[in-house]
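Colleague: I am new to this structure, and I would love a close look at one part of it. Please pick a helix and walk me through its neighbours.

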Amino acid sequence: MKAQQRRLPLLAWIFIAIVLGIVLSFFAPDWFGRGAATFTGLFGNFLGFFVPVLIFALITPAIANLGQGAGKWFGATAGLAYVSTILSGLLAWAVSQSVYPWLLKGQSMVQAPDIDKGALAPYFTVEMPAPMEVMAALLLAFSVGIAMANIGAKTLQAGANELRDVVMKVIEAFVIPLLPVYIFGVFLTMGMNGNLKFVLVAFAKVLILATIMTWVVLILQYLVAGAVAGGNPFKALRNMLPAYFTALGTASSAATIPVTYKSTRKNGVSESVAGFVVPLCATVHLSGSMMKIGLFAFSVMFLTNNPLTPGAALGFIFLLGVMMVAAPGVPGGAIMAAVGLLESQLGFDESQVALMIAAYVAIDSFGTACNVTGDGAIAMMINRFAKGELGSKERATTDGAAVAQ
């Protein structure tokens, strides 16, 4: 089995896991589903424990290696992520205004099911509390990394580099091999709980539109990144496919960081920039989530005959962009951060909010896949801007990786 797994790339195993999980969800017995739910719960809890450690271990040495200019690259990365997210929201609004009048004509609202009703219960659970929150890990990594870069703490920097290597070993030997099994369990339990079927029936047209638009967003992002970085945008996008399909299965930007990091490195992005940008963007860059929330929210407004003024739409998009930065990179984090805005800015009632949550959670992965794949485009641009400030050794590594591609 191990020999076979080495022959197949990760992308193939993820695709097999998704298809197998959906197919078996139609006839698998409850005991099998509960077993899968048990594993996904345990592995998901481990990821919740491990992700803050991963963020700290990758970002700290990455910032230290970038040198004294690391602070401005944080601002540049966060700024690019916010602009990308806002532009995605504006595109969602423009598309909804032009497409919904004929796409959703004659369609009426549906009632959201209780997404917890009939859920498969795992046989047992094990709590795995994280050593710190994701945001705490992010802030600590920035504080320590920038301080190390400014005082030239060579010993601490060497220790941080070794910690990064240890964490990467855990990722390569444990996390990545088990990701396809975890993805299989996610799709199996989702299908057996009935949530996937409900959303496909109720929002089939919007789902197809959202999927198409997330790819439009990615193509635009990589066209810009290719122009800035001087590479082939379609080749770069192809290199990011393992991250896309991993996120499609995990529905978590944070859980996909290891694969996103490896895919980004294939595009010639330096180790320091990839270790800095990828974990940061997993928290602050949610262009795919913005597209999906926007399209679903505007569809609810259309189906309830509630006209949306340009001022209300723009206010919702710009505020939602800020909320997306604060959203945790975990399954459903974006929609939970958006609930308050849906109620206050768009006037959603409890049933409409429940419908949004049910729809978003069931197909969260499409927006997340766009998010993490877009992180690679931002990394390419930051790598181009920061290249002049990297050390000669780092530049040699970057150039060598680019030539290899």
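Modeller: Gladly; here is a walk along helix 6, starting with a neighbouring helix and moving on to ring pairs.

This is a predicted model, where local features need pLDDT of at least 70, side-chain atom pairs count only at pLDDT 80 or more, and totals for chains, interfaces and linings use all residues. Residues are numbered from 1 along each chain as its sequence is written, and side-chain values use heavy atoms, without hydrogens and water.

Helix 6 covers residues 154-193 and packs against helix 10 (residues 241-250) at about 45°, with axes 8 Å apart. (Helices are DSSP runs of H or I, at least four residues, numbered from the N terminus; axes are lines fitted to C-alpha atoms over the stretch in contact, with angles from 0 to 180 degrees between N-to-C directions.) The angle makes the two helices oblique, as it is not under 35, over 145 or 65 to 115 degrees. Leu179, Tyr182, Ile183, Val186 and Phe187 of helix 6 meet Phe245, Thr246, Leu248, Gly249 and Thr250 of helix 10, where contact means heavy atoms within 4.5 Å.

Helix 6 also joins helix 3 (residues 30-66) through phenylalanine 184 and phenylalanine 32, 152 residues apart. Their ring centres are 6.3 Å apart and their planes at 70°, so the pair is edge-to-face (centres within 6.5 Å, planes over 60 degrees apart). Phenylalanine 184 is buried at 14% relative accessibility, while phenylalanine 32 is partly exposed at 32% (buried is under 20%, exposed over 50%, partly exposed in between; 1.4 Å probe, protein chains only).

Technical notes
Phe/Tyr/Trp six-rings, centres within 6.5 Å; stacked < 30°, edge-to-face > 60°.
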